[in-house]
Amino acid sequence: MKTSSPYPDSLEILLSELKRIPGLGPKGASRIALWLLSDPSRRSIPLSRALANAAEKITLCLECGFWAEATLCKICSDSTRNGSVLCVVEQPMDVLSIEKTGIFRGLYHVLGGRLSPLNQVGPEHLRISQLLKRVEQLKPQEVILALGADVESLATMSYLSSILKEKMIKVSKIAFGIPAGGGIEHADVLTLQNAFKGRSLL
Amino acid sequence: MGDKREGESFRVFCYGGAKRFEVRRLGIRSFRCYREGEFEFGAGLNLVVGRNGVGKTSLLEAVCMVLRLQSPRSAKPGPCVAWGERNFCLEGDFVEIGEGGWERGVRLAVENGEDGRRLWIDGDCVRDSDRYLSLGRVVWFSGEDRELVRGSGTMRRRYLDFLCSQLFPGYLKVLRDYERALRSRNYLLRMGARRAEVEAFDEPLAGLGKRLQECRQWVMPKVKERADEVVRWLTDGVENVEVNYLPSGGSELLKRLRENYEEDQLLRMTTLGPHRDDFAVLINGRSAGDYASEGQQRTLSLGLRFAQAAILIEVCKQSPILLMDDVIAELDGERTERVLRILLEGSQVIAATAREGILDMAGKMGWKVMRLKG
């Protein structure tokens with residue numbers, strides 16, 4: 001028999017909002033709610049301010065589509081970045097991953113997804129026209145495609161490379177292979193097969 | 001080949017150094033018609049007897065599922081889950097037996113259904129299926145195998161995929177990716193998308209397709225050779241078989257996809273690629289689907305199935321478990337004896353039938369008989 005919840009209404013609302021967070025189930029939501037409410041002034045109030053602040057201020061960079069507070073993100077407004085190389089990624093998170101490596105000092109372009117007809121995502125849903133506009137303006141020497149290795153990402157790379165090549169732009173894609181530091185024994189079969197196909201002469 | 005046929009010593013399977021692989025016990029929960037079940041199997045020939053609908057095929061299917069994580073009866077795990085349950089659970093104790101008689105046991109378990117799939121090897125939860133699938137193999141014989149000879153290409157592609165997925169690690173993943181690329185491209189063609197959007201999927205499709213076709217290309221000459229050997233043995237050398245691979249799109253799939261765009265656009269689907277592959281089965285030089293008698297077609301389909309077993313033994317150096325659903329008791333007199341001689345060569349066999357007539361013979365031959373009741 002279902003009984004009505006003993007929780008106060010405001011707590012019920014908090015729980016149902018928390019449960020929407022990806023990866024958080026009913027138990028996790030209760031745990032977080034309990035932690036937040038155990039000392040509201042030190043935990044929930046600064047957090048709610050931060051959430052409201054972020055939601056209000058953060059937009060996407062007009063140039064590259066990465067997170068920004070102004071019209072331009074920190075990377076696009078950094079004059080030391082090399083504007084002659086453009087790196088195309090699927091999601092803002094991918095920018096963070098590549099930034100952490102420190103290997104890339106050019107500019108990014110975030111597509112906001114990948115071509116996925118089965119999920120009704122076509123080129124018009126991605127920031128592809130913006131990419132073409134930027135390419136016209138920046139005239140980069142190279143566009144690096146740093147997308148994933150599944151079917152839809154490969155199709156997106158194929159699509160982008162054909163339209164960029166039409167504009168006589170040099171296009172490259174990142175290599176797929178075994179993870180560094182890990183031995184061969186940790187790589188799955190397909191990764192290892194790709195690594196063999198993409199082997200290079202020494 | 002003639003000398004091999006005449007002597008008593010002719011063997012279809014060349015075990016030379018191959019290990020035997022057998023199932024000893026199978027635990028079943030919420031699978032098809034089984035709520036809960038526990039089955040023990042003998043080392044050689046096992047005969048499952050029971051009236052129709054009692055769960056014989058499901059038992060064979062469970063052995064296939066726990067080893068290969070796929071069913072010959074359905075592409076998705078959903079239908080395998082017992083009515084009213086969320087997931088099924090299978091646990092099998094297997095043993096690998098080497099030439100010197102050494103034995104190594106392994107326990108495989110799978111849970112699958114609405115909550116996703118989980119796998120265990122010897123009690124350890126494993127995330128990747130590569131190692132799991134490298135442990136044991138099966139060949140599925142069905143009473144409907146005549147369709148392999150006279151039915152549509154779908155049956156023959158399924159035959160090839162089931163064989164290749166057991167020979168080549170990663171084949172199944174490539175096949176799933178290929179199917180996704182194909183569905184995407186077909187969807188775009190159906191919706192009348194721009195050419196550039198459709199063609200974006202050409203490269204993934206051709207790249208994955210090439211890998212599938214390379215595997216099939218490698219295995220087809222072996223199928224041809226082995227099926228011919230088996231059929232000659234079963235028919236005392238009267239019939240000979242030819243099996244010819246017909247890859248769709250040929251060696252330059254990417255180029256052909258581009259050239260064929262207009263036709264694809266007209267038909268609103270992708271008309272070239274491994275999903276249109278087939279192989280021709282010829283008996284004495286003529287198309288077996290059109291010209292062979294029913295008996296000949298049955299013999300040919302047996303030849304194709306035993307060829308699968310022979311290839312698995314040759315390449316993987318391990319005997320597969322032969323699962324035979326409505327096949328043994330349904331044979332006619334002349335071939336029965338020859339088929340049984342192949343079965344005595346050493347692979348473990350689990351055969352199911354509703355025909356009680358075979359019980360006498362099974363008893364004499366020392367088969368383990370399992371009676372299923374509703």
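Begin by selecting chain A together with chain B in this predicted model, and display the residues of each that face the partner: 19 residues of chain A are in contact with 24 residues of chain B. Between them the two chains bury about 1,800 Å², and 62% of that area lies on carbon and sulfur atoms. To see where chain A makes its main contribution, select A:Pro117, A:Leu118 and A:Val151, which supply 32% of the area that chain A buries against chain B, more than any other three residues.

Stay at the interface and turn to its charged and polar pairs. The rule finds one salt bridge across the interface of chain A and chain B, and it can be shown by selecting A:Glu152 and B:Arg180, whose side chains meet with an N to O distance of 2.6 Å. Across the interface of these chains there are also six residue pairs in polar contact, both residues of each pair being at pLDDT 80 or more. Colouring chain A by secondary structure then shows that helix 6 (151–166) and helix 7 (189–197) each supply at least two residues of the side that touches chain B, and that helix 6 of chain A gives the most to that side, with six residues. If the side of chain A that touches chain B is coloured by class instead, ten residues are nonpolar, six are polar and three are charged.

Next, hide chain B and select the open sheet of chain A, in which four strands follow the order 4-3-5-6 with parallel pairing. Strand 4 (106–110) and strand 6 (171–173) of chain A stand at the edges, each with a single partner strand, so one side of each has no neighbour in the sheet. Seen along the sheet, neighbouring strands are turned by 25° against each other on average, direction ignored.

A walk across this sheet can start from strand 3 (residues 82–89) of chain A, which pairs with strand 4 of chain A in the parallel sense over five bridges. Select A:Val88, whose bridge partner in strand 4 of chain A is A:His109; A:Val88 also stands opposite A:Leu145 in strand 5 of chain A, where strand 3 and strand 5 of chain A pair in the parallel sense over four bridges. From A:Leu145 the walk continues to A:Lys173, its bridge partner in strand 6 of chain A, and strand 5 and strand 6 of chain A are joined in the parallel sense over three bridges.

Before leaving chain A, select A:Arg114 and A:Asp150, which form a salt bridge with the closest N and O atoms 2.5 Å apart. This pair links distant parts of the chain, 36 residues apart: A:Arg114 is in the loop between strand 4 and helix 5 (128–138) of chain A, while A:Asp150 is in the loop between strand 5 (142–145) and helix 6 of chain A. A search of the whole structure finds 46 salt bridges over all chains.

Now bring chain B back and select strand 4 (residues 87–97) and strand 5 (residues 103–113) of chain B, which run antiparallel and are joined by eleven bridges. B:Ile97 stands opposite B:Glu103 in strand 5 of chain B, and the hairpin of these strands has five residues between them, including B:Gly101, which takes a positive phi near 95°. Moving on, strand 5 of chain B runs antiparallel to strand 6 (residues 118–121) of chain B, with four bridges joining them; here B:Ala109 has B:Trp120 as its bridge partner in strand 6 of chain B. The hairpin of strand 5 and strand 6 of chain B has four residues between the strands, and in this hairpin B:Gly116 takes a positive phi near 85°.

The last stop is the open sheet of chain B in which five strands follow the order 8-12-13-3-14, with parallel pairing. Its edge strands are strand 8 (138–142) and strand 14 (368–371) of chain B, each of which pairs on one side only, and the twist averages 15° from one strand to the next. Within this sheet, select strand 3 (residues 45–49) and strand 13 (residues 349–353) of chain B, which run parallel and are joined by five bridges, with B:Val48 standing opposite B:Ala352 in strand 13 of chain B. Finally, add helix 12 (residues 294–316) of chain B, which lies across strand 8 and strand 12 (321–325) of chain B and runs at about 175° to strand 8 of chain B.

Conventions. Residues are numbered from 1 along each chain as its sequence is written. Chains are lettered from A and ligands numbered from 1 in the order in which they are written. This is a predicted model: local features need pLDDT of at least 70, side-chain atom pairs count only at pLDDT 80 or more; totals for chains, interfaces and linings use all residues. Side-chain values use heavy atoms; hydrogens and water are left out. Contact means heavy atoms within 4.5 Å. Buried area is the accessible area (1.4 Å probe) that two parts lose on being put together, summed over both. A salt bridge is a side-chain nitrogen of Lys or Arg within 4 Å of a carboxyl oxygen of Asp or Glu. A polar contact is a pair of N or O atoms within 3.5 Å; within protein, one must be able to donate a hydrogen and the other to accept it, and residues adjacent in sequence count only if both atoms are side-chain atoms. Ala, Val, Leu, Ile, Met, Phe, Trp, Tyr, Cys and Pro count as nonpolar, Asp, Glu, Lys and Arg as charged, and the others, Gly among them, as polar. Two strands pair if DSSP finds at least two bridges between them. Axes are lines fitted to C-alpha atoms, for helices over the stretch in contact, and angles run from 0 to 180 degrees between N-to-C directions.
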